[in-house]
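The following paragraphs lead the reader through selected helices and their packing. Please keep the sequence and the structure in view while reading.

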Amino acid sequence: MSQQKLLTYIHGLSEFPWVPYYTQAQDNNNNDTSTSENSLLENWALAATITFTVVVFTFEYYLNTRQKKAYTITEFPSELSVVVSKIDTELAKQKKNEKTEEKEEEKKDTETEDKEDKPDRNEPLLPQLKSKFTKSQSYGMDKITFGMFSEFYGVTENTVFLLFGFLPYMWDTATKIGTQNPYYPVEGEIAISLIFLFITTVVGMVTSLPFELYSTFAIEKKHGFNKMTLGLFISDKIKGLLLSMVIGGPFIALLLKIIKMGGEHFHLYVWAFCFVFSLFMMTIYPVVIMPMFNKYEDLPENELKTRIYALAERISYPLQKLFVMDGSKRSSHSNAFMFGFGKNKRIVLFDTLMEQVSDNEILAILGHELGHWKLGHTLSNFVITQLYTGAMFYCFAFVLNNSAELFAAFGFSKSLPIPTIIALLIFSQTVWAPVDKCLSFVMTIFSRHNEFGADEFSVSLGMGKDLQSGLCKIYLENLGAMCPDRLYSAYHYSHPPLVERLGRMMEIDQKYKKE
């Protein structure tokens, strides 16, 4: 591929239709780019895909600029100030009615030397939020500025890869590696597909590595969150790659085999296979994969453990194990989550969370998480995922059998059978991309609805005040956005902004008191 030919190709992009620079089974000495015999789909699919990608990027870039402007605000949001001041008033009343001096003294003794950078569990929340507001804005500004640059690079890389025929080139490269290597030559579409996926995965890891390193060791470290060493970072990457080969490789091989053998209705068999695989991963993930990355220890026998088991029994949650995870070895961000299949339920508390909030607040946060299970959110998300998978493969079956011109538009020969994995990748980038983007937004709305529902469940258990104060402390520790842009948060946030959650919980709390 000469430099002159490349320059000629770039100049030719000023006219439509676009064709990839590298195409399969193409005579490189033949400069005939006539498209008179090509279908409308073959002529315009590539340009349409790039146009959609750029349109989505432009819209999201606009939302990012709105959020970036929100991060320049220097005055603490008045609405949040009013809401949090009410929480402080209620907490002050509660302290007067409780004898907590001894417990508070014990907590003070456990404070670390960098007390000024950590939320004080015994002081009013509003002054602490105000003192962290500038840091929160700075953290958000750094993240979104870097995120905008990363997204620009991502859309540029994707466009360049499409225009220069990255997929057909990598497929042909994988074919050569598989069939022409002198050590262990392999043939067959499935074997070549695995080689292709390995190469593209490594390329993706290499191109994304600088961004991940900067995010982890520059931004997160600058704001006091990163605890990860470079050795641990590399170890995680290697483990992730090995797991993708050990688990992902056989999964892809079986998936492709089912598609090949499934005939006209292969989507039904693929759907069933993905369902079984989901159950398999739900079973082995907590006992095999998670311990490879973090240390899980049983929560010591104490009052908190007794109260958590009592809470689980109160709502008939079949809790079997209660763990503390060493999240602090990677980050000072905090979280709590539950997992498990059937009656094998488990709850995990980050060690950082236990340092940041009180026992009552931990129970309230778990009341929220258990609310997702009790209200059927966990099951509904699983069902939606399965329906999504079934719908996607149903549409893919139609495209695979009727759209040779679509694959030709991205540089693949119409005279050769299209590799199934390539067809699936192109389908995901073209036909399914708008559907996926719309469904993702719908699921964001659904998730926010569920979060409000889980908050209400915790309030109904009599934990509203503790959940409110616990969320404020988590925002303090994690430097959460305190004044997000309305459109940005509506599009991106799977959880409602803090002020909305607090306001809604106060309304619900008043409703329960009246009842």
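**Helix packing and burial**

In this predicted model, helices α2 and α5 are roughly antiparallel to each other, because an angle over 145 degrees counts as such. The two axes, of α2 (residues 40–70) and α5 (residues 125–163), cross at roughly 170 degrees and come within 10 Å. On the α2 side, the residues that meet α5 include L46, I50, F57 and Y61. The α5 residues that meet α2 include M141, I144, M148, F152 and V155. By class, this contact of α2 with α5 comprises 12 nonpolar, nine polar and two charged residues.

A second helix to consider is α10, which spans residues 303–314 and has 12 residues. From first C-alpha to last, α10 reaches 16 Å, close to the 16 Å expected at 1.5 Å a residue. Its buried residues are L304, K305, I308, L311 and A312. They lie on the same side of α10, because they cover an arc of only 120 degrees around the axis. On the other side of α10, the residues T306, E313 and R314 are exposed. The buried residues of α10 pack against β2 (319–325), β4 (345–350), α11 (351–356), α12 and α16 (432–478).

One of these partners, α12, covers residues 359–374 and has 16 residues. The distance from its first C-alpha to its last is 22 Å, close to the 22 Å expected at 1.5 Å a residue. Buried residues of α12 include the run from E361 to H368, and L370, G371 and H372 are also buried. After α12 comes G376, with a positive phi near 85 degrees.

Note on methods
Residues numbered from 1 in each chain as written. Predicted model: local features only at pLDDT ≥ 70, side-chain atom pairs only at ≥ 80, totals over all residues. Heavy atoms only, no water. Helix = DSSP H or I, 4+ residues; strand = E, 2+ residues; numbered from the N terminus. Expected span 1.5 Å × (residues − 1). Buried < 20%, exposed > 50% of the residue type's maximum accessible area, 1.4 Å probe, protein only. Axes fitted to C-alpha atoms, helices over the stretch in contact; angles between N-to-C directions. Parallel < 35°, antiparallel > 145°, perpendicular 65-115°, else oblique. Contact = heavy atoms within 4.5 Å. Nonpolar A, V, L, I, M, F, W, Y, C, P; charged D, E, K, R; others polar. Arc of directions from axis to C-beta.
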